[in-house]
Amino acid sequence: MMKTGIPTLDDHLHGGVPQGKSLVYYAHPGVECNVFGMQTVHRAVSEGGHGIYVTSSTDPRMIRDQFKEFGWDAAEYGDRFVIVDGFSGLIGADSPEQYVVSNPDDIESLTQSIKQAMEGAYEPSVIVFESLSTIMDLCGEDETLDAIKEWNKYAMLYDHVVVYNFTAWPYSEDTLAHVKGDICNSVILIGGITEKVIFGQYFGVKKIDWDEITKKCVLFKVLKPGGIRVYLPKILVTGPFDAGKSTFVHALSTRAVSVDRLGTTVALDHGHVDHRGFAADIFGTPGQQRFDPIVKLLSGEAMGIFLILDSANTDDFVRARQMLDITETVGLPVVVVANKQDIAGALTPEEIRKELKMTNDIPVMPAVASSREGVFEAFDVMVERVLEANSR
Amino acid sequence: MTYNLGISRIDDLIGGIKGGTNIMMIGPPMSGKDDITNIIAYHGLINKNAAVIVSTREPGNNVLDWFESRDLSIPPDHIGIVDCVTRTLGFGAPDTENIKMASSPVDLTGIGVKISQFFERFWMEMQVKETRLCINSLSTILMYSNLQTVFRFLHVFTGRIKAANALGVYVIEDGMHDDKTIVTLKQLFDGMIEIKGDDDGYQMRVAGLSPKPTPWFEYEIDGVNIILRG
């Protein structure tokens, strides 16, 4: 199996892409697609494998720069990373690459270079096409479809995995149906959430022919550096006054801001989390009763809730339950964070569960937010819960 | 939602351009199309519109310099430039607040992504709903990609302009393409800014945005103003 390196995608593919199989990242126009192929080849090469990158619309030097923007240094890959240059020939530029397509608008010329690169690979590799749609634009739709069949067959002989980035411009219905349907072993749909403009991006498995398909879509963001991150647009952090909500938001975030007065949150805390392939925007509420209307406002469209408690202050537990009710987010994943575990008299997570009369399906996670202890473990559990809830 | 071009007499004659309009600007080389495009963008910016300029001939920094050198009091964060040139020159410049790099004029996928990112930023983060998209120029894109490819690209993005109630201006060189190319592309646009003339002087008119075309006007570019004569 060759892992794609895209967070959560390998789980949906049941471990990755088997050797000799093909995958197409099928993207709507205007949605980021190329980074999927780049991240996939980066993953393969950084794990000690070999990668071939077929460029069609970008100077190979710029390809290496693009990798660098994501924090992936192609120079470190050495000769395990090879570029088939299908661009320089278009603009009549010289190319220092080992494999250069002399006539990028001639599919035979392209096929010849690709086959040479496949034969020249030391061992089963991943071959990523920067832009199948550009090849289609240059060489023709039918010609390209025929060539894909040939490339896939050839790759199968050498146990290579072939990955295509494809932007679904308004080609003929037949062409789109083939790309989306029968020409590759798997199809990952990459789309945009659109209301007047595209304001969010998602991916999901459309087809795999080696196992059962789990049809669910995942929101994502592209970070530089970092690459693709599964994205949770809104996680609420609530709890009684002085439970440590702001401390928790700041401890978890790569960047955060609080609207507070004399150290007490009076409007909200906002933080952006980037952790182990997941990105999230988290919103902390005020804890004082007089700000309850704000809590309700902030909770709209949340995907999950952290309920932060001061583990030693049992007097506030009733208020904690009350705040959970105010959010009016019944059914959403809740993770209770038993904060301030380091102070005298702190109850254990199990004792807190009993006090709160919470069922076993709600995780209670021990933490000391001031020293960032336990905060990322709580976040991991939240991510797991949110993904689980979305797959139902 | 209506837009203007910032060319007062023509704006008066056509009576405002409704949101979602796509305009082709066609004219001979050296007739000042780059300036006219920037001036149309500028007149949006002074009215708190946002502007996305796709530059296929000039590096993004030069386009930005055009606005900065004129010392215009416009909100700089309302300008987005998709630079299709710098990376083809072999410079690995990173994206900045105002300039996003496309790999080359062939990279229509990348150009489309960068346009969408600017629209998302203006619409969702900055809540600026009136946006102008200027592509300068389609002729360069047509040098690298065939008509059908460019048509498909424009089909998607003229549609997005309509959906977003934005204004699209697409520049094309007169005399560089055959009639079939122009006729094919014309189908996608609601109106045209036509430019004709020679070194002795140029004239412009607008067609398709009012019941009948405006008269031809001789014009002169003076800073950020287009002065019409006649």
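Tutor: Let's start with the big picture: the C-alpha centres of domain 1 of chain A and domain 2 of chain A lie 40 Å apart. Keep in mind that this is a predicted model.

Student: Where does each domain of chain A begin and end?

Tutor: The domain assignment puts domain 1 at 9–225 and domain 2 at 231–391 in chain A.

Student: And how many residues of domain 1 of chain A are in contact with domain 2 of chain A?

Tutor: On the domain 1 side there are 6, and they meet 6 residues of domain 2 in chain A. Sorted by class, the domain 1 side has 3 nonpolar, 1 polar and 2 charged residues.

Student: Now the helices. At what angle do α6 and α7 of chain A pack?

Tutor: In chain A, α6 (residues 132–139) and α7 (residues 141–157) pack at about 130 degrees, and their axes are 7 Å apart. Angles over 145 degrees would count as roughly antiparallel, and 65 to 115 as roughly perpendicular. The pair α6(A) and α7(A) is therefore oblique. As for handedness, α6(A) passes α7(A) in a right-handed crossing.

Student: Which residues make that contact between α6(A) and α7(A)?

Tutor: From α6(A) you have I135(A), M136(A) and C139(A), while α7(A) brings E141(A), E143(A) and T144(A). By class, this contact has 3 nonpolar, 1 polar and 2 charged residues.

Student: What about two chains touching? How do people describe that?

Tutor: The size of an interface is often given as the accessible area lost when the parts come together. Here we can count residues instead: 28 of chain B are in contact with 25 of chain A.

Student: Which helix gives the largest share of chain B's side?

Tutor: That's α4(B), with 9 residues. Both α4 (108–125) and α6 (147–163) of chain B supply at least two residues each to the side touching chain A. By class, chain B's side has 12 nonpolar, 12 polar and 4 charged residues.

Student: Last one: how do I read a sheet?

Tutor: Strands of a sheet pair through backbone hydrogen bonds, either parallel or antiparallel. Chain B has an open sheet of 10 strands with mixed pairing, in the order β6-β5-β4-β7-β8-β3-β9-β10-β11-β12.

Student: Why do β6 and β12 of chain B each have one side without a neighbour?

Tutor: Because β6 (99–101) and β12 (225–229) of chain B stand at the edges, each with a single partner strand. Going along the sheet, the twist averages 25 degrees from one strand to the next.

Student: In which sense do β9 and β10 of chain B pair, parallel or antiparallel?

Tutor: Antiparallel: β9 (residues 191–198) and β10 (residues 201–207) of chain B pair over 7 bridges. To spot the pairing, find I195(B), which stands opposite M204(B) in β10(B).

Methods
Residues are numbered from 1 along each chain as its sequence is written. Chains are lettered from A and ligands numbered from 1 in the order in which they are written. This is a predicted model: local features need pLDDT of at least 70, side-chain atom pairs count only at pLDDT 80 or more; totals for chains, interfaces and linings use all residues. Axes are lines fitted to C-alpha atoms, for helices over the stretch in contact, and angles run from 0 to 180 degrees between N-to-C directions. Helices (H or I, at least four residues) and strands (E, at least two) are DSSP runs, numbered from the N terminus. Angles under 35 degrees count as roughly parallel, over 145 as roughly antiparallel, 65 to 115 as roughly perpendicular and the rest as oblique. A crossing is left-handed if the near helix is turned anticlockwise from the far one by less than a right angle, and right-handed if clockwise. Two residues are in contact if their C-beta atoms, placed from the backbone, lie within 7 Å. Ala, Val, Leu, Ile, Met, Phe, Trp, Tyr, Cys and Pro count as nonpolar, Asp, Glu, Lys and Arg as charged, and the others, Gly among them, as polar. Domain bounds come from an automatic or database domain assignment. Two strands pair if DSSP finds at least two bridges between them.
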